[in-house]
Amino acid sequence: MSDRSALTADQLAAELQAFLAAHHPGRMPRDPAERLAFQKAWQVTLFDNGWSGPGWPQRWGGMGLPLPLQAVYHREMALARVPVPPNNIATIVGPTILARGTDEQRERWIPPLLRYDELWCQGFSEPDAGSDLTSLRTRAVPDGDSYRVTGRKVWISSAAFADWMLCLTRTGPAGSGAAGITCLAVDMHAPGVRAAKLRDMTGGAHFAEVELDDVVVPVAHRIGAENEGWTAARATMGYERSTSLSAAGMRYQRVTRDLLELARRRGLADDPYVRDRLAQVVTGARLLEWSGQRVLARVLEGGEPGPLASVIRLQHGTFEQGLHELAVDLLGPHGQLDPADPALERDGAWLRGFLRTRASTIGAGTSEIQRTTIADKVLGLPVGSAPPIKSTRSSR
Ligand SMILES: Cc1cc2nc3c(=O)[nH]c(=O)nc-3n(C[C@H](O)[C@H](O)[C@H](O)COP(=O)(O)OP(=O)(O)OC[C@H]3O[C@@H](n4cnc5c(N)ncnc54)[C@H](O)[C@@H]3O)c2cc1C
């Protein structure tokens, strides 16, 4: 596979443009099963041609690009409107296994994860443990060379079609909080695993409730030491809130241009009030891109995102909600239609985005939790009467 890490920005852009012109698979199908197969096939094409994992080590199948070239990569992908991956879990679980796993685990899981031959999900939340994640109760009981895992996870994105779950379990006594958590890779096809799809307000079934009933997990599938899973969990949440969003920053540059085009089509581009809101979106998209690069730089230097991840997650969630609110306002009365209404034509995507982004200030930790983390860990403010931050989804 060719090493592109020493190319200039222009050379990389030219090579990628040529590749995309020759291999672009076209528009994604709407049917969920066809869409998933289509997205996976595109990831295989990218991997087999050496265009996967721009920032990942070459040893494990990535491209090992320096930061400025990663920015070029994401920009060209966004401009070409290529299909997005089936989920962004690879950019959440992958760095965790790279940072916390053993070489055997990296060898076993990273290349198929990058090629999307195996899909992962992230099994953290439980019915009674969301923001207060360290109170989780899914038990893992040691049994020879294995653990026997029993419990319930909820809101798990992609769980219904995932092959593996990065799962937080309790191995310490009840009430041991962060000190008694162990991180395991659970085979979603193992006996005792059941995933029931949950439908959301977009009409899609993107997440599921997962029941684990005496599931046998080899000790070799433990990520990090027993009772030290919270360290891995914090790192994972940091990646989820930050580096996994860096490509989205680039994509939103393009979406912002589409929004400007919508304002022109609707004859509202000269309205002073609309112009003011458009300016906020354009500025927000830039800030998002730069914040993404800032955190990527930190991770590439060997650090973890830390509390900066909460800043980016909050920025990202509120930005994409605001962008879609403006789009719906620009659509006027059409903004009240069902996204699938033929009268909308391609503008249905704005309404689907509007519905989808309602969850952007909940998933990966709510905005309230991000604000508390920022107040506490970034600004050093007193957190008042809120529950102690160490018991919540803080990414410290
Ligand atoms: C689209 C989407 C995808 C998701 N995917 C996954 C996934 O793949 N894997 C996974 O494990 N989970 C996933 N989740 C779950 C998500 O992590 C939780 O919903 C989130 O952490 C909040 O937990 P909760 O729903 O239990 O709400 P709760 O924790 O019960 O919070 C309810 C309300 O109370 C507020 N609150 C709670 N504690 C505090 C506090 N200390 N200070 C101030 N306010 C507080 C919250 O901000 C919120 O407004 C997903 C959620 C969504 C929406």
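Where is the place of Leu381? Leu381 sits in the segment after α11; View 3 returns to this residue. The model is predicted: local features need pLDDT of at least 70, side-chain atom pairs count only at pLDDT 80 or more, and totals for chains, interfaces and linings use all residues. Residues are numbered from 1 along each chain as its sequence is written, and side-chain values use heavy atoms, with hydrogens and water left out.

**View 1. Polar contacts of the ligand.** A polar contact here is a pair of N or O atoms within 3.5 Å. A backbone N or O atom of Gln122 lies 2.7 Å from a ligand nitrogen. For Phe124, a backbone N or O atom is 3.0 Å from a ligand oxygen. Ser157 uses its side chain: an N or O atom there is 2.8 Å from a nitrogen of the ligand. The protein covers 69% of the 970 Å² of accessible area (Shrake-Rupley method, 1.4 Å probe) that the ligand has on its own.

**View 2. The shell around the ligand.** The ligand has 19 residues around it, each with a heavy atom within 4 Å. Gln122, Ser125, Ser131, Thr366 and Glu368 come nearest. The shell divides into nine nonpolar, eight polar and two charged residues. Nonpolar means Ala, Val, Leu, Ile, Met, Phe, Trp, Tyr, Cys or Pro; charged means Asp, Glu, Lys or Arg; the others, Gly among them, are polar. β3 (146-157) and α11 (367-378) each supply at least two shell residues. The largest share, three residues, comes from β3. Helices (H or I, at least four residues) and strands (E, at least two) are DSSP runs, numbered from the N terminus.

**View 3. A nonpolar surface patch.** Val378, Leu379 and Leu381 form the patch, with about 280 Å² of accessible area together. Patch residues have over 30% relative accessible area and no salt bridge (a side-chain nitrogen of Lys or Arg within 4 Å of a carboxyl oxygen of Asp or Glu). Nonpolar side chains (Val, Leu, Ile, Met, Phe, Trp, Tyr) are joined within 5 Å. Leu381 is partly exposed, at 44% relative accessible area. Buried means under 20%, exposed over 50%, and partly exposed in between (1.4 Å probe, protein chains only).

**View 4. Positive phi at Arg81.** Phi of Arg81 is near 55°, a positive value in a residue other than glycine. Arg81 lies in the loop between α3 (67-79) and α4 (90-100). Its relative accessible area is 45%, so Arg81 is partly exposed.

**View 5. Positive phi at Ser158.** Ser158 is also not glycine, and its phi is positive, near 65°. The loop between β3 and β4 (164-170) holds Ser158. Ser158 is buried, with a relative accessible area of 5%.

Definitions and conventions:
Polar contact = N/O pair within 3.5 Å; in protein donor to acceptor, adjacent residues only side chain to side chain. Patch = residues over 30% accessible without salt bridge, like charges linked within 9 Å, V, L, I, M, F, W, Y side chains within 5 Å.
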